[in-house]
Amino acid sequence: MPTADWGAVLARLGSSRGAGLEVSEGVPLAGRTTFKIGGPARVVARCRSREAVLACLATCGEAGVPWLVLGLGGNVLVPDAGLDAVVLVLEGELAGLERRGPRFLVGGGLPLAKLVRAAVDASLAGVECLGGIPATVGGALAGNAGAYGQEILDVLDWAEVVDGEGQVRRMERWEIEGGYRWSVLGTGRVVTTAEFVLVPERPEVLAERVRLARERRRAAIPPEPSAGSIFRNPPGDHAGRLLELVGCKGLRRGGAMVSQQHANVIVNLGGASAADVRELIAEMARRVRERFDVVLELEVKVLEPDGSVTARPPHDLA
Ligand SMILES: Cc1cc2nc3c(=O)[nH]c(=O)nc-3n(C[C@H](O)[C@H](O)[C@H](O)COP(=O)(O)OP(=O)(O)OC[C@H]3O[C@@H](n4cnc5c(N)ncnc54)[C@H](O)[C@@H]3O)c2cc1C
């Protein structure tokens, strides 16, 4: 790819301020991820409207520069060198929430916890077990986030997306392919708005489900900075079980360690680098492959400096 003319990109993006687009250069990203790891973004574009997203993607397309959306950074490993890309963050009307009876019309940048709270307060069921997942609605839809029997796609009615060709599209639920921790919304698209349909439920039933989910989460998820599960569960098994059997708990590289609480979670003990985490991931995957002949797949999005999700197999990440 030829070297991008970042000066021209910034000038173009800067001219879209009226559309609710605000750009900053050299923005540290570590604090915008739950791992607290990674270098700066070349450009962060804070988009407060669909038009801002459109303007941003049009500029990136014309200049041939890569882009990606960042939600709460709950499922990403940003490289130490940072991202030579335009990182979109959705705010303002793209992080709003409106209730219409059992329906919620929300922005892709809305923290998922706010949707869950509003639903429980309105005695509506369908998302009450998802409260502890650090996510925006867009990020949750991109990976079909789920916990304790609920998945976000189960309650989606439709999503509005902007794609890389600059088209705005309303996608109905039936058009959206997705499954265990993936959906087509997570590739080449920005989820700007979504509508969910929930079901009335007795407040005491909801309160009990929330309590149980919180309790299970507290027992399972370590409190230190992490990105949640590193690997997807292989069919019919649990990655954590296999990783524990090959002695991964407590394995350390630099400031990164496989949690003593959960063998499928890497925690940042302080000052961990992305290189530390990549080394650990490779070691974990290698051990499971050698002992069980199981090739684990990544759940966390390990990013390359151009913002793409790595294509390297986990055992080869170091
Ligand atoms: C402590 C902890 C516990 C966790 N528990 C769970 C759990 O129980 N269940 C679960 O499923 N996950 C869990 N996770 C993982 C993570 O929270 C989810 O994957 C979540 O959906 C990530 O959302 P995000 O907004 O932070 O997305 P990010 O991490 O910011 O991004 C993830 C991907 O989504 C894309 N994306 C983000 N926003 C949009 C958008 N608007 N449109 C299109 N694509 C977008 C990004 O480009 C990226 O590819 C956990 C993580 C942590 C740290």
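Q: Helices (DSSP runs of H or I, at least four residues) and strands (runs of E, at least two) are numbered from the N terminus. Which helix gives the most to the shell around the ligand?
A: Helix 4 does, with four residues. Helix 4 covers 137-142. Strand 9 (146-147), strand 15 (189-197) and strand 17 (226-229) also supply at least two residues each.

Q: What kind of model is this?
A: This is a predicted model: local features need pLDDT of at least 70, side-chain atom pairs count only at pLDDT 80 or more, and totals for chains, interfaces and linings use all residues. Residues are numbered from 1 along each chain as its sequence is written, and side-chain values use heavy atoms, without hydrogens or water.

Q: What makes a residue near the ligand, and which come nearest?
A: One of its heavy atoms must lie within 4 Å. There are 32 residues around the ligand. V69, G71, P134, T136 and G146 come nearest.

Q: How are these shell residues classed?
A: They divide into 17 nonpolar, 11 polar and four charged. Nonpolar means Ala, Val, Leu, Ile, Met, Phe, Trp, Tyr, Cys or Pro; charged means Asp, Glu, Lys or Arg; the others, Gly among them, are polar.

Q: Why is the pair between N75 and the ligand called a polar contact?
A: A polar contact is a pair of N or O atoms within 3.5 Å. An oxygen atom of the ligand is 2.8 Å from a polar backbone atom of N75, so the pair qualifies. L72 also qualifies: one of its polar backbone atoms is 3.0 Å from a ligand oxygen. For G139, a backbone N or O atom lies 3.3 Å from a ligand nitrogen.

Q: How much of the ligand does the protein bury?
A: Alone, the ligand exposes 980 Å², and the protein buries 91% of that. The areas come from the Shrake-Rupley method with a 1.4 Å probe.

Q: What makes a space a cavity?
A: On a 1 Å grid over the protein atoms alone, a 1.4 Å probe fits there but cannot get out. The structure holds one cavity of 30 Å³ or more. The volume of the largest cavity is about 30 Å³, as filled by probe spheres set on the grid points.

Q: How do you know which residues line the largest cavity?
A: A lining residue has an atom within 4 Å of a grid point. A285, R289, V294, V295, L296, P314 and H315 line the largest cavity. By class, they are five nonpolar, one polar and one charged.

Q: Why is the protein chain called as compact as a globular protein of its length?
A: The chain has seven helices and 21 strands. Its radius of gyration is 20 Å, close to the 20 Å that the globule rule gives for 318 residues, so the description holds. The radius is taken over C-alpha atoms, and the rule is 2.2 Å times the number of residues to the power 0.38.

Terms used
Polar contact = N/O pair within 3.5 Å; in protein donor to acceptor, adjacent residues only side chain to side chain. 1 Å grid on protein atoms, 1.4 Å probe; cavity = no way out; pocket = protein on both sides within 12 Å on 5 of 7 lines; lining within 4 Å.
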